[in-house]
Amino acid sequence: MNKVLNYINGNFQNHSNNFIDVEDPSKGEKITEVVNSNKEDFQLAIDTSLESQISWANTTPLKRSRVLSNYKNIIEQNLEKLAKVISLEHGKTFEDAKGSVIRGLEVVEFACGIPHLLKGEFSQNVGSGIDSWSIRQPLGVCAGITPFNFPAMVPMWMYPIAIACGNSFILKPSEKDPSCANLLAQMFSEAGLPDGVLNVLHGNKNVVDMLLTSTNINSISFVGSTPVAKYIYKTAAEHSKRVQALGGAKNHLLVMPDANIDQVVDGVMGAAFGSAGERCMAVSVVVAVGNIADDIINKVNDKSISLKVAPWTDPESEMGPVISKEHKNKILEYISKGIDEGAKIVLDGRNIHVQGYENGYFLGPTIFDNVTKDMTIYKEEIFGPVLSVVRVKNYEEGIKLINDHKYGNGSSIYTSDGEISRHFSTNINIGMVGINVPIPVPMAFHSFGGWKHSLFGDHAMHGIEGVRFFTKLKTVTSRWPKSIKSGAEYQMPTN
Ligand code: NAD
């Protein structure tokens with residue numbers, strides 16, 4: 001069994017002898033263990049990050065871009081290798097894992113344009129003989145803390161842009177599926193990234209706390225659950241860092257009576273049960289307007305019954321297990337609570353049997369009807385294959401319901417009415433909005449981020465928001481000696 005060690009300064013190494021178990025969720029058994037870093041590991045990561053950043057920041061943006069371009073090619077060549085590691089430790093299907101690497105790769109492609117993205121602004125003659133320009137400079141050492149559900153894509157929302165901007169980066173991946181981060185970092189070295197510019201420091205909360213309180217780290221990027229996001233935002237800000245902390249979600253799909261029901265059903269199936277519902281943009285609530293709920297529920301139910309739940313090694317698998325026994329138990333508790341609080345269970349996925357994988361953390365698709373806004377299964381993020389249907393009388397009731405929810409990551413409307421969809425996209429209190437699109441995840445050249453309790457901080461991830469987050473603005477005002485009139489001026493200069 002190869003243990004998962006830190007990747008620091010271009011080498012796999014560790015001081016700590018403390019390790020955390022990593023499981024294969026399809027089998028429910030330990031497959032490896034990952035180092036839980038100590039102070040010495042942390043100090044080594046900081047020292048190499050500080051040292052390497054100085055020369056990396058002085059490398060021209062064009063040369064940095066060429067390294068990123070090599071990196072893109074290497075990732076493309078290793079797509080299957082990366083997807084295999086993700087599926088093994090996370091449990092998602094192989095095709096889904098491949099897709100998630102490609103969505104991360106798109107951020108690398110975006111970051112290849114860094115010479116253009118870093119162009120500043122210039123104004124000639126802001127005063128007589130005076131010019132002014134703005135430039136964006138790197139922050140220094142940046143750090144990222146990432147969740148289990150996208151072990152390649154979410155880290156890649158962060159470090160390619162941070163590094164393209166001239167920063168060094170310390171990545172603290174989820175301890176539940178840590179191997180992919182090491183592969184990604186090693187491939188960046190192969191692409192020509194100098195040692196120490198990207199370090200992977202593994203561990204749990206202890207390591208996170210070292211990052212949050214370090215005086216040598218200038219920014220924290222976080223993606224994970226809302227309680228942890230709030231803690232990260234507060235603690236990192238107290239330690240004078242720039243922070244972007246993305247939290248949990250409860251994404252609604254509002255269906256108008258004039259929607260194409262077959263498109264709705266296909267959209268709901270993938271969005272609710274893809275990746276076992278463990279996506280921050282998963283649809284967990286269908287809001288059915290008028291009398292269409294029965295039709296949607298019957299059709300989603302029929303498709304859910306035949307959905308293939310199996311390990312990723314089965315090429316026909318459409319849904320794998322959830323990440324851990326603890327998480328499965330949490331989802332089971334939510335399902336019991338839904339029943340106790342009066343929701344109608346239409347499909348119960350609790351007793352699914354996957355032949356040969358009896359110890360795996362599998363759950364079948366679960367559907368609740370007649371869910372109301374005061375129920376726990378409506379208010380809280382379940383993060384599993386559980387779909388709630390809320391029935392509302394009209395559009396106004398539906399949009400109010402969504403706007404009143406504490407989470408604000410993504411939301412979609414299905415309709416054939418352009419006026420309603422325009423009203424929805426304008427007035428919905430949500431960061432990422434879909435119109436006849438179930439999972440409106442922005443592409444790399446736009447930015448990803450929710451509102452309300454789904455994002456703490458001022459900047460979303462990747463796109464131009466990413467470039468702004470990972471750089472600080474400097475504005476220079478300049479004139480040359482011959483244009484300077486003699487004599488002091490005591491009043492505010494005006495033009
Ligand atoms: P998590 O919050 O448990 O863990 C995320 C990271 O924080 C991990 O690296 C973990 O080691 C660390 N961590 C955990 N507890 C901590 C603590 N008490 N103090 C400091 N650090 C801690 O999240 P998870 O279970 O890995 O991921 C699932 C969650 O992530 C869901 O809530 C999901 O909605 C959210 N998520 C959000 C987005 C988004 O874009 N908004 C994207 C992906 C996942």
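Is K98 buried or exposed? In this predicted model, K98 counts as buried, because its relative accessibility is 15% and the cut-off for that class is under 20%.

**Salt bridges**

Side chains of opposite charge can pair when their charged atoms come close. K98 takes part in such a pairing, forming a salt bridge with E80 in which the closest N and O atoms are 3.3 Å apart. This pair links distant parts of the chain, since K98 belongs to helix α4 (residues 94-111) and E80 to helix α3 (residues 79-90), with the two positions 18 residues apart in the numbering. The partner E80 counts as partly exposed, at 48% relative accessibility, whereas K98, as said, is buried.

A second pair joins E175 and K172, whose closest N and O atoms lie 3.4 Å apart. Here again the lysine is the buried residue, K172 having a relative accessibility of 3%, while E175 is partly exposed with a relative accessible area of 24%. A third salt bridge brings together the side chains of K400 and D404, at 2.7 Å from N to O. Both residues of this third pair sit in helix α14 (residues 395-404), and because K400 and D404 are 4 residues apart there, about one helical turn separates them.

| Salt bridge | N to O distance |
|---|---|
| K98 and E80 | 3.3 Å |
| E175 and K172 | 3.4 Å |
| K400 and D404 | 2.7 Å |

Beyond these pairs, a network of salt bridges links K3, D21, K30 and E33. The count for the model comes to 22 salt bridges.

**Nonpolar cores**

The largest nonpolar core holds 64 residues, and the members that touch the most others within it are I75, W157, F169 and F188. Helix α6 (residues 153-164) supplies the largest share of this core, namely 10 residues. Because domain 1 (6-247 + 454-476) and domain 2 (251-435) both give residues to the core, it lies between them.

The surroundings of F188 can be described in more detail. When neighbours within four places in sequence are left aside, F188 is in contact with V67, L68 and Y71, with Y159 and I163, and with L193 and L198. Apart from the core to which F188 belongs lies another one, of 60 residues, which includes A276, L307, Y378 and V386.

Note on methods: Residues are numbered from 1 along each chain as its sequence is written. This is a predicted model: local features need pLDDT of at least 70, side-chain atom pairs count only at pLDDT 80 or more; totals for chains, interfaces and linings use all residues. Side-chain values use heavy atoms; hydrogens and water are left out. A salt bridge is a side-chain nitrogen of Lys or Arg within 4 Å of a carboxyl oxygen of Asp or Glu. Buried means under 20% relative accessible area, exposed over 50%, partly exposed in between (1.4 Å probe, protein chains only). A nonpolar core is a set of buried Ala, Val, Leu, Ile, Met, Phe, Trp, Tyr and Cys residues joined through side-chain atoms within 4.5 Å. Domain bounds come from an automatic or database domain assignment. Contact means heavy atoms within 4.5 Å.
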